[in-house]
Amino acid sequence: MMDSNEIQQPTAEESSYINSMTSEPASPMNIKHSGPGIASFVLSMLSLLGYIASVALIGAIIAPHLSPESLSSPSEELIQIIGSVGLLVILFIILNIIGVILSIIGVVLKNRKKIFAILGLIINGVIVLCLTSFFIYAVVNATT
């Protein structure tokens with residue numbers, strides 16, 4: 001017989017059910033990655049590949065026109081193609097800005113792994129800062 005002072009221990013099945021029902025914070029092994037952080041990291045990788053492809057495309061377009069007379073007066077078709085590639089670069093800058101916003105959201109989320117959000121913030125932030133400083137430098141030097 002069981003004495004009234006004895007406490008019955010739960011079985012293994014009961015204890016696993018009780019543990020799953022408690023609202024304890026998740027252990028570090030059970031924390032998921034931040035969705036916006038992953039999206040930010042993917043956007044940063046896509047934009048990096050896009051910048052590399054844009055530079056290669058511009059090089060391939062300009063290579064046949066590298067004679068001194070064609071560079072002094074480029075054709076209208078060449079200007080339109082380079083302008084189109086420039087618009088593509090602006091699209092990648094917009095992707096980087098969206099990536100910065102997503103990574104900030106990913107860093108702020110609680111109970112999520114933040115590694116992809118931090119990587120996305122660093123990569124997207126460095127790209128945005130470098131391109132912004134490059135454009136400022138180009139504008140300042142073009143006016144002087």
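In which helix is the place of Ser40? Ser40 sits in helix H2, in a predicted model whose protein chain has five helices and two strands. Read from the N terminus on, the elements of this chain follow the order α-β-α-α-α-β-α. The points below begin with the chain as a whole, then turn to helix H4, the nonpolar core and two buried serines.

**The chain as a whole**

- The protein chain has 144 residues, of which 17% count as buried.
- The area that the protein chain exposes comes to about 10500 Å², and carbon and sulfur atoms supply 72% of this area.
- When contacts in the protein chain between residues at least 6 apart in sequence are considered, 82% of them join residues at least 24 apart.

**Helix H4 and its packing**

- Helix H4 has 33 residues, and the distance from its first C-alpha to its last is 48 Å, which is close to the 48 Å expected at 1.5 Å a residue.
- The buried residues of H4 are Leu78, Val85, Val89, Phe92, Ile93, Asn96, Gly99, Ser103 and Gly106, and the partners against which the buried residues of this helix pack are helix H2 (35–62) and helix H5 (115–143).

**The largest nonpolar core**

- Five residues, namely Tyr51, Val89, Phe92, Ile93 and Ile127, form the largest nonpolar core, and helix H4 (residues 76–108) gives the most to this core, contributing three residues.
- Ile93, a member of this core, is in contact with Tyr51, Leu131 and Phe135 once its neighbours within four places in sequence are left aside.

**Ser40, in helix H2**

- Ser40 has a relative accessible area of 0% and therefore counts as buried, since the cut-off for that class is under 20%.
- The side chains of Ser40 and Asn124 are joined by a polar contact of 3.2 Å.
- Leaving aside neighbours within four places in sequence, the residues in contact with Ser40 are Gly99, Leu102, Ser103, Gly120, Leu121 and Asn124; among them, Gly99 and Ser103 also appear in the list of buried residues of H4.

**Ser34, in the loop before H2**

- Ser34 lies in the loop between strand E1 (32–33) and H2, and because its relative accessibility is 1%, Ser34 is likewise classed as buried.
- Not counting residues up to four places away in sequence, Ser34 touches Gly106, Leu109, Arg112 and Lys113, and of these Gly106 is listed as one of the buried residues of H4.

Technical notes. Residues numbered from 1 in each chain as written. Predicted model: local features only at pLDDT ≥ 70, side-chain atom pairs only at ≥ 80, totals over all residues. Heavy atoms only, no water. Core = buried A, V, L, I, M, F, W, Y, C linked by side-chain atoms within 4.5 Å. Buried < 20%, exposed > 50% of the residue type's maximum accessible area, 1.4 Å probe, protein only. Helix = DSSP H or I, 4+ residues; strand = E, 2+ residues; numbered from the N terminus. Contact = heavy atoms within 4.5 Å. Expected span 1.5 Å × (residues − 1). Polar contact = N/O pair within 3.5 Å; in protein donor to acceptor, adjacent residues only side chain to side chain. Areas by Shrake-Rupley, 256 points an atom, 1.4 Å probe, with all protein chains shown as cover.
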